[in-house]
Amino acid sequence: MKTLVYVLFLAALVSNIVYTAQSIGEYKDVTHYQYAITWAPTYCKYLIHDHCVPNLPDRFFMHGIWAGDASGRTVDNCKVEPPIPIDLLKKFEARLSKSWPPIIQGMTAFRLWGHEYRKHGVCLKDWTATNYLNFADRVSLNNNITKLLETNGIKISSTVKYSRGAIEKAIQTKIGAGFSMYLGCQQVGTLYYLKSAAICIKKIDGTKFLNVYEFVSCPQRIDPNYNNCGGGKTEEENIFLL
């Protein structure tokens, strides 16, 4: 059963947000980072079905911090890294178990964090596993997108629909007016169910601290499956937040 669940998890990594990744990335291509988050209710209902951790709260969970290029694609697998030492993971366990827990049954936290670092974190030049895990924890704790939406009137409902523009404006109160982001939805007929988001950030130039960052606009993507919420209709109220 654990093997089946892990296979389902790997498939969901592809289908959840549909971020098209390069097979072999290069540091020179990285222009920004993406704070990728998953809306658990839609993810669990439509993509994982009965294989999510029971009784998950209705909120966004961090998927990872990903390197991105000028076209918005993720830059992956820049080098081969050995698994993160267990002793190092244990040092982060108390912190990351709150800010970055796994939501799939059978997926341990250590395996999730290790996978994300060895695929995405290795493309953040000069970053060690310690740098990556510290940064992920900082970004997740400082950017509670679930609370941000609620504060701006975007609330969980099976009857009330929202426009893409309204959701973007709510998030922009945190990241900056006019800044673009990626919103992924599960489409059912003519309706959309929010399942993921990615906010773009970059290290502030000139600072020696790796975990000091600023928000930036995400590059425009033409992949219709990558940023599909609302079906291109910014102001039509056709998105549910389950």
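**Exercise 1. Give the order of the elements along the chain, and their number.**

From the N terminus on, the elements run α-β-α-β-α-α-α-α-β-α-β-β-β-β. The chain has seven helices and seven strands. Helices (H or I, at least four residues) and strands (E, at least two) are DSSP runs, numbered from the N terminus.

This is a predicted model, in which local features need pLDDT of at least 70 and side-chain atom pairs count only at pLDDT 80 or more, while totals for chains, interfaces and linings use all residues. Residues are numbered from 1 along each chain as its sequence is written, and side-chain values use heavy atoms, with hydrogens and water left out.

**Exercise 2. State what share of the chain is buried and what the chain exposes.**

Step 1. Buried means under 20% relative accessible area, exposed over 50%, and partly exposed in between (1.4 Å probe, protein chains only).

Step 2. Of the 242 residues in the chain, 50% are buried.

Step 3. The chain exposes about 11,600 Å², and carbon and sulfur atoms supply 54% of it. Accessible areas come from the Shrake-Rupley method with a 1.4 Å probe; for residues, only the protein chains shown count as cover.

**Exercise 3. Describe the surroundings of arginine 164.**

Step 1. Arginine 164 belongs to helix H7 (residues 164–175).

Step 2. Its relative accessible area is 8%, so arginine 164 is buried.

Step 3. The side chains of arginine 164 and glutamate 168 are joined by a polar contact of 2.8 Å. A polar contact is a pair of N or O atoms within 3.5 Å; within protein, one must be able to donate a hydrogen and the other to accept it, and residues adjacent in sequence count only if both atoms are side-chain atoms.

Step 4. Not counting residues up to four places away in sequence, arginine 164 touches Met181, Leu183, Asn227, Asn228, Cys229, Thr234, Glu236 and Ile239. Contact means heavy atoms within 4.5 Å.

**Exercise 4. Characterise two of the aromatic pairs.**

Step 1. A pair of aromatic rings is described by the distance of the centres and the angle of the planes. Rings of Phe, Tyr and Trp (its six-membered ring) pair if their centres lie within 6.5 Å; planes under 30 degrees apart count as stacked, over 60 as edge-to-face and the rest as tilted.

Step 2. The whole structure holds twelve aromatic pairs. One of them is tilted and joins tyrosine 46 and tyrosine 193, at 5.5 Å centre to centre with 40° between the planes.

Step 3. Tyrosine 46 lies in helix H2 (residues 40–48) and tyrosine 193 in strand S5 (residues 191–203), so this pair ties together parts that are 147 residues apart in sequence. Tyrosine 46 is partly exposed, at 23% relative accessible area, whereas tyrosine 193 counts as buried at 12%.

Step 4. Tryptophan 100 and tryptophan 113 form a tilted pair because their ring centres are 6.5 Å apart and their planes stand at 40°. Tryptophan 100 is in the loop between helix H3 (86–99) and helix H4 (109–119), and tryptophan 113 is in helix H4, 13 residues apart. Tryptophan 100 is buried at 0% relative accessibility, and tryptophan 113 is buried at 0%.

**Exercise 5. Check the span of helix H5 and find what its buried residues pack against.**

Step 1. The expected span of a helix is 1.5 Å times one less than its number of residues.

Step 2. For the 14 residues of helix H5 (residues 129–142), this should give 20 Å; the end C-alpha atoms are 20 Å apart, which agrees.

Step 3. Buried residues in H5 are Ala129, Tyr132, Leu133, Phe135, Ala136, Asp137, Val139 and Ser140. The buried residues of H5 pack against strand S1 (32–39), strand S2 (60–68), H3, H4, S5 and strand S6 (213–215).

Step 4. Phe135 also belongs to a cluster linked by ring pairs, together with Tyr33, Trp127, Tyr213 and Phe215.

**Exercise 6. Locate two residues with a positive phi.**

Step 1. Most residues other than glycine have a negative phi.

Step 2. Asparagine 55, which is not a glycine, has a positive phi of about 60°. Asparagine 55 lies in the loop between H2 and S2 and is exposed, at 78% relative accessibility.

Step 3. Aspartate 126 has a positive phi near 70°. Aspartate 126 is placed in the loop between H4 and H5, and its relative accessible area of 64% makes it exposed.
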